[in-house]
Amino acid sequence: MTDEACADWIRPEIRAESGIPQEPVPEGTLRLDAMENPFDLPPEIHRRLGEDLARLPLNRYPDGGASELRELLGKRLFGLPSDHIFLGNGSDEILQNLFLLTPGPILLAEPTFSMYRLLARITGRPVGTVPLEKDFSLDPEALLEAVKRLRPSLIVLSHPNNPTGRDLDSRAVERLCREFSGGILVDEAYFPFSGNTLLSLRDTCPSLMVLRSLSKMGLAALRLGVLAANPRIVAELDKIRLPYNLGILTQRAATLICRESFPILEAQVRMIIGLREELRDRLQTISGVAPLPSSANFLLVRIAGADPSFVAQRLALQGIRVRDVSRQHPLLAGCLRVTIGKREENDRFASTLALILKGQP
Ligand SMILES: Cc1ncc(COP(=O)(O)O)c(C=O)c1O
């Protein structure tokens, strides 16, 4: 596009964005960069889903309130009725809607999920940040000091945090609940792997919301995020949600999978947790490699004696994609983030990494 085409009428901060790279992934690439579940549902489930979805009418708009799915997911994920539940086309869409609700700054504890900053920029929301401690724990004093100074509308915390894999300390969040009256979003995208939720804090803190995603447990292709929030917040979100934001295929597929196939996904999640610990043990035997403990389906891996960007490029040349986060934040210097794959995929990654660090291939 020429400058003339978009010079004056597009917000300069959008023109300054580079955008998220979305080039197709070459076939055969081992993707350890997007925190997907490496196991798909069995062919039998695909077949049953296919038969069911084939009968759906495609000429009518879907249920705009996704009422059946909201009820099912509310009960299944949170034990809550549907008026406490807001659904989005991925949790990214829910984050975007939440940011659109806020009049003031959004406060983040960094390093954290990079989409928070990007979504704040594209929704035109100012961002305040406090650094995490060196061990990636939350510093409640720093957060409360930033609350006083910046008067944020919303604090967003990832639990466990992407890309560190570390859980939040519930006492720090409890304290925040007592001393901050704005919105607090606890993003639990990796809850299936951590089993650790701050949902109960909603009882005493009505502005605390818990965000979950179906992507990481194995349904990334459906694009479905689920927010548990006070019904008053859900009603405000409903005013800005685009109509029919969830297509009929996603609604129906998620409903069927939620009713019939969650135990399969839960078994896969347990397997991934085991594979994570195996990979961590294996990486610890490679000289110069320090994988951090993780409650999620990825490992943050610190590399000594080699430039992680170079290592990520060499891995890519071998058809293995990991995420180079080393430039994202000073605390992440030297770090790569690696999603847990199947056992043979993790072996391939670990042995290729060892060879690269030895100066080959
Ligand atoms: C912390 C966190 N929140 C939200 C998301 C977005 O997930 P979804 O696929 O539901 O949009 C991610 C994806 O990586 C994430 O890491």
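**Reading two domains and a helix**

Guide: In this predicted model, 27 residues of domain 1 are in contact (C-beta atoms, placed from the backbone, within 7 Å) with 24 residues of domain 2. Local features need pLDDT of at least 70, side-chain atom pairs count only at pLDDT 80 or more, and totals for chains, interfaces and linings use all residues. Residues are numbered from 1 along each chain as its sequence is written.

Visitor: Which elements give two or more residues to the side of domain 1 that touches domain 2?

Guide: Helices (H or I, at least four residues) and strands (E, at least two) are DSSP runs, numbered from the N terminus. Here the elements are helix H2 (12-15), H13 and S10. H13 gives the most, with five residues.

Visitor: Where do the domains begin and end?

Guide: Such bounds come from an automatic or database domain assignment. Domain 1 takes 3-42 + 264-357, and domain 2 takes 54-260. Their C-alpha centres lie 23 Å apart.

Visitor: How do I read a helix such as H12?

Guide: An α-helix has 3.6 residues a turn, so residues three or four places apart point the same way. In H12 (residues 248-260), the buried residues are Thr 250, Gln 251, Ala 253, Ala 254, Ile 257 and Cys 258. Buried means that 20 or more other C-beta atoms, placed from the backbone, lie within 10 Å of a residue's own.

Visitor: What do the buried residues of H12 pack against?

Guide: Four helices are the partners: H3 (43-54), H4 (67-78), H10 (215-219) and H13 (262-284).

Visitor: Which strands form the open sheet?

Guide: Two strands pair if DSSP finds at least two bridges between them. The order is S9-S10-S13-S12, with antiparallel pairing. S9 (289-291) and S12 (323-324) each have a single partner strand, so one side of each lacks a neighbour in the sheet.

Conventions
Expected span 1.5 Å × (residues − 1). Buried ≥ 20, exposed ≤ 12 C-beta atoms within 10 Å, placed from the backbone. Contact = placed C-beta atoms within 7 Å.
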